[in-house]
Amino acid sequence: MLFGVWYWFIPPFGTFNRVNLGEFTGMMGFLLFAGIIISIGERARRTQARLNAAHDEMEAAVKQRTAELAEANEKLRELTAGLLHMQDMERRRFARELHDSVGQLLTVINMNLSAFDQENLSPKAVHLLGDSRELVEQIIREIRTISHLLHPPLLDEAGLGAALRIYVEGFGQRSGIVADLKVEEDLPRLSPDLEISIFRIVQECLTNILKHAEAKLVVIRVGCAAGVVSLTVSDDGRGMDDRGKFGVGLRGMQERVREVHGTLQVDSSGRGTTITATLPSAERVVTVDLTETTGD
């Protein structure tokens, strides 16, 4: 390289004649500067190559971790869906056991107590007998209420509309909150998974309203059009100011919606909270629009 520069760029050009000191110094300085530039460029190239390799490695690691996280989330959703299904099955079994065993036994006890009406009892015994019969009747009512809350029998026998009517009526009586329910008469029967999911979502919403909303009125509307069932639950409570109240209840609703491949949207303000869920099925699409003022 040195001789090439001498031959082509230092006068007299095209010869190897001797050059003076200044020209030689200039030539050496040029070569030194060129070497530095080449060295810097090569170092930058190698650094960039290492950065590109590190970036590719990091990107591959991120893709792998993302895939692993997606797989873990899918397994978690499957596990949660299985747990919800088992929970519903256990609730149904407990409700049947309470109604068929404990409820029947209490009914027999009440009948046995009624047999003492024909006996000649003292006033104190009559009073105690009356109290005992009232307690047994109260226990029977409580058992029926608990059984219905665990799993309403009408949900299997008569469908979502009938089950909601009984549940909402009981909710109003127990809570003191005015509950207004309107269900279209031509509401079709839905798949069991959809009916239990919608019922549990409504149940969770009303529970949240009772716990947090300080509401006096709850309005529930259920309609059906073009294969879409719409459900709206609204109350006049104070809204959901504390996001911390979005807890297990909301996550349970989300999992129930996800279990049937639906979506759930939550919008909250000082005037209330709107929960909108879309629940598709192979036969039809079910849209659940829950408007409430609190969340659990």
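This report walks through helix H6 and the nonpolar core around it in a predicted model.

**Helix H6**

Let's start with the helix itself. H6 covers residues 192-213, a run of 22 residues. From its first C-alpha to its last it reaches 30 Å, close to the 32 Å expected at 1.5 Å a residue. Of these 22 residues, 16 are buried, so H6 is largely enclosed by the rest of the structure. Just after the helix comes Glu-214, which takes a positive phi of about 55 degrees.

**The largest nonpolar core**

In soluble globular proteins, nonpolar side chains tend to be buried together. Here, the largest nonpolar core has 36 residues. Which of them touch the most other members? They are Leu-206, Ile-209, Val-218, Ile-220 and Val-222. Several elements each supply at least two residues of this core: helices H5 (160-175), H6 and H7 (248-259), together with strands E2 (217-225), E3 (228-235) and E5 (272-280). The largest share, ten residues, comes from H6.

If you would like to see the core from one of its members, try Val-218. Leaving aside neighbours within four places in sequence, Val-218 is in contact with Leu-206 and Ile-209. Its other contacts beyond that range are Phe-171, Ile-177, Val-178, Ala-179, Asp-180, Val-233, Ser-234 and Asp-235.

Apart from this core lies another one, of seven residues, including Leu-98, Leu-113, Val-136 and Ile-143.

**An aromatic pair between H5 and H6**

How many aromatic pairs does a search of the whole structure find? The search finds one. Its partners are Tyr-167 and Phe-199, which meet edge-to-face, 5.4 Å centre to centre and with 65 degrees between the planes. The pair links distant parts of the chain, as Tyr-167 belongs to helix H5 and Phe-199 to helix H6, 32 residues apart.

Are these two rings' residues buried or exposed? With under 20% relative accessible area taken as buried, the table gives the values.

| Residue | Relative accessible area | State |
|---|---|---|
| Tyr-167 | 3% | buried |
| Phe-199 | 1% | buried |

Phe-199 also has company beyond its ring partner. Leaving aside neighbours within four places in sequence, Phe-199 is in contact with Pro-152, Leu-155, Leu-160, Ala-163 and Leu-164, as well as Tyr-167. Gly-161 is 38 residues from Phe-199 in sequence, and their C-alpha atoms are 9.4 Å apart in space.

**Pulling it together**

H6 supplies ten residues to the largest nonpolar core, and through Phe-199 takes part in the aromatic pair with Tyr-167 of H5.

Definitions and conventions
Residues numbered from 1 in each chain as written. Predicted model: local features only at pLDDT ≥ 70, side-chain atom pairs only at ≥ 80, totals over all residues. Heavy atoms only, no water. Helix = DSSP H or I, 4+ residues; strand = E, 2+ residues; numbered from the N terminus. Expected span 1.5 Å × (residues − 1). Buried < 20%, exposed > 50% of the residue type's maximum accessible area, 1.4 Å probe, protein only. Core = buried A, V, L, I, M, F, W, Y, C linked by side-chain atoms within 4.5 Å. Contact = heavy atoms within 4.5 Å. Phe/Tyr/Trp six-rings, centres within 6.5 Å; stacked < 30°, edge-to-face > 60°.
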